[in-house]
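Student: Please take a close look at the side-chain interactions in this model, and treat them as one connected account. I would like the reasoning behind each assignment to be explicit.

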Amino acid sequence: MKKIKYFHYTPACILKQIIDSGEINLATACIPLNEKPIAWVSTNPNWENTATKSRSLANGSVQQLTFTQQLASFGCARIEISPIGLETYAKLKNLANISLQESGFMEQRGISLGADPKEWYGSLNPIKKNSWIKAEVYISGQWVEVQSF
């Protein structure tokens, strides 16, 4: 049986900032006031599609990047972490007080991007460096380790 691995996916351009800070911060952007922020992790072994960024275009519209566009614009990186202290998305919805409407929106949006909510995990606390295993950057079609912890 293959061991499940847990990854925090991020643009490569901010990987050093995360490593230097010593923690994976809680995602606080665009969450309703009554919700608790989450440090997100995925078991997807290739890339968590909800980690792919979007960008504003000159005409005011927003473009959702593809993995290839993200790679070219920002790079792709991940930190493998120990599963200790992680909760499943199903539990996080309740723990973080995510409304039924908001969780439905998150799931539909994720699925539309090619993600699987069953692969979503997280923590209500920042994930400290002592829980990290290694950091990797996607280079020439493969994940390359850049630092172990």
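Tutor: A suitable place to begin is Cys-13, which is exposed, its relative accessible area being 52%. The model is a predicted one, and it holds 0 disulfides. Cys-13 accordingly takes part in none, and the nearest cysteine sulfur, belonging to Cys-76, is 9.7 Å away. A disulfide requires two cysteine sulfur atoms within 2.5 Å. Cys-30 is likewise unbonded, because its sulfur is 18 Å from the closest cysteine sulfur, that of Cys-13, which is too far for a bond. Cys-30 is also exposed, with a relative accessible area of 79%.

The charged side chains come next. The structure holds 5 salt bridges. One of them joins Lys-128 to Glu-23, with the closest N and O atoms 2.5 Å apart. This pair links distant parts of the chain, since Lys-128 lies in strand 9 (residues 127–128) and Glu-23 in strand 2 (residues 23–24), 105 residues apart. Lys-128 is partly exposed, because its relative accessible area of 42% falls between the 20% limit for buried residues and the 50% limit for exposed ones.

Another salt bridge pairs Arg-78 with Glu-136, where the closest N and O atoms are 2.6 Å apart. Here too distant parts of the chain are linked: Arg-78 belongs to strand 6 (residues 76–81) and Glu-136 to strand 10 (residues 132–139), with their positions 58 residues apart. Arg-78 and Glu-136 are both buried. For Glu-136 the relative accessibility is 6%, so this residue counts as buried. Glu-136 also meets the side chain of Lys-134 in a salt bridge, at 3.5 Å from N to O. Lys-134 has a relative accessibility of 18% and therefore counts as buried, the limit being under 20%. Arg-78, Lys-134 and Glu-136 are thus linked in a network of salt bridges.

Strand 6, which carries Arg-78, also pairs with strand 1. The two strands run antiparallel and are joined by 6 bridges. Within this pairing, Phe-7 has Glu-80 of strand 6 as its bridge partner. Strand 1 (residues 6–11) is mostly covered, with 6 of its 6 residues buried.

The nonpolar side chains add a further level to this picture. The largest nonpolar core has 16 residues, and those with the most contacts inside it are Leu-15, Ile-24, Val-41, Ile-79, Ile-81, Ile-127 and Trp-132. Two or more residues of this core come from each of helix 1 (15–21), strand 3 (39–42), strand 6 and strand 10. Ile-81 offers a closer view of the surroundings. Leaving aside residues up to four places away in sequence, Ile-81 touches Tyr-6, Ile-24, Val-41, Leu-86, Ile-127, Ser-131, Trp-132 and Ile-133. A second core, separate from this one, has 8 residues, including Tyr-89, Ile-98, Met-106 and Trp-120.

Trp-120, a member of that second core, also leads to the aromatic pairs. The count of such pairs comes to 12. Trp-40 and Trp-120 form an edge-to-face pair, because their ring centres are 6.4 Å apart and their planes stand at 75°; the angle required is over 60 degrees. This pair joins distant parts of the chain, with Trp-40 in strand 3 and Trp-120 in strand 8 (residues 120–123), 80 residues apart. The burial of the two partners is as follows: Trp-40 is partly exposed, with a relative accessible area of 25%, whereas Trp-120 is buried, with a relative accessible area of 6%.

Tyr-138 and Trp-143 are likewise edge-to-face, because their ring centres lie 5.1 Å apart and their planes meet at 70°. Tyr-138 counts as partly exposed at 21% relative accessibility, while Trp-143, at 17%, counts as buried. These two residues belong to a cluster in which ring pairs link Phe-7, Tyr-9, Trp-47, Phe-67, Tyr-138 and Trp-143. Phe-7 therefore appears in two settings: as a member of this ring cluster, and as the bridge partner of Glu-80 in strand 6, within the bounds under which two strands count as paired.

Terms used:
Residues numbered from 1 in each chain as written. Heavy atoms only, no water. Buried < 20%, exposed > 50% of the residue type's maximum accessible area, 1.4 Å probe, protein only. Salt bridge = Lys/Arg side-chain N within 4 Å of Asp/Glu carboxyl O. Helix = DSSP H or I, 4+ residues; strand = E, 2+ residues; numbered from the N terminus. Core = buried A, V, L, I, M, F, W, Y, C linked by side-chain atoms within 4.5 Å. Contact = heavy atoms within 4.5 Å. Phe/Tyr/Trp six-rings, centres within 6.5 Å; stacked < 30°, edge-to-face > 60°.
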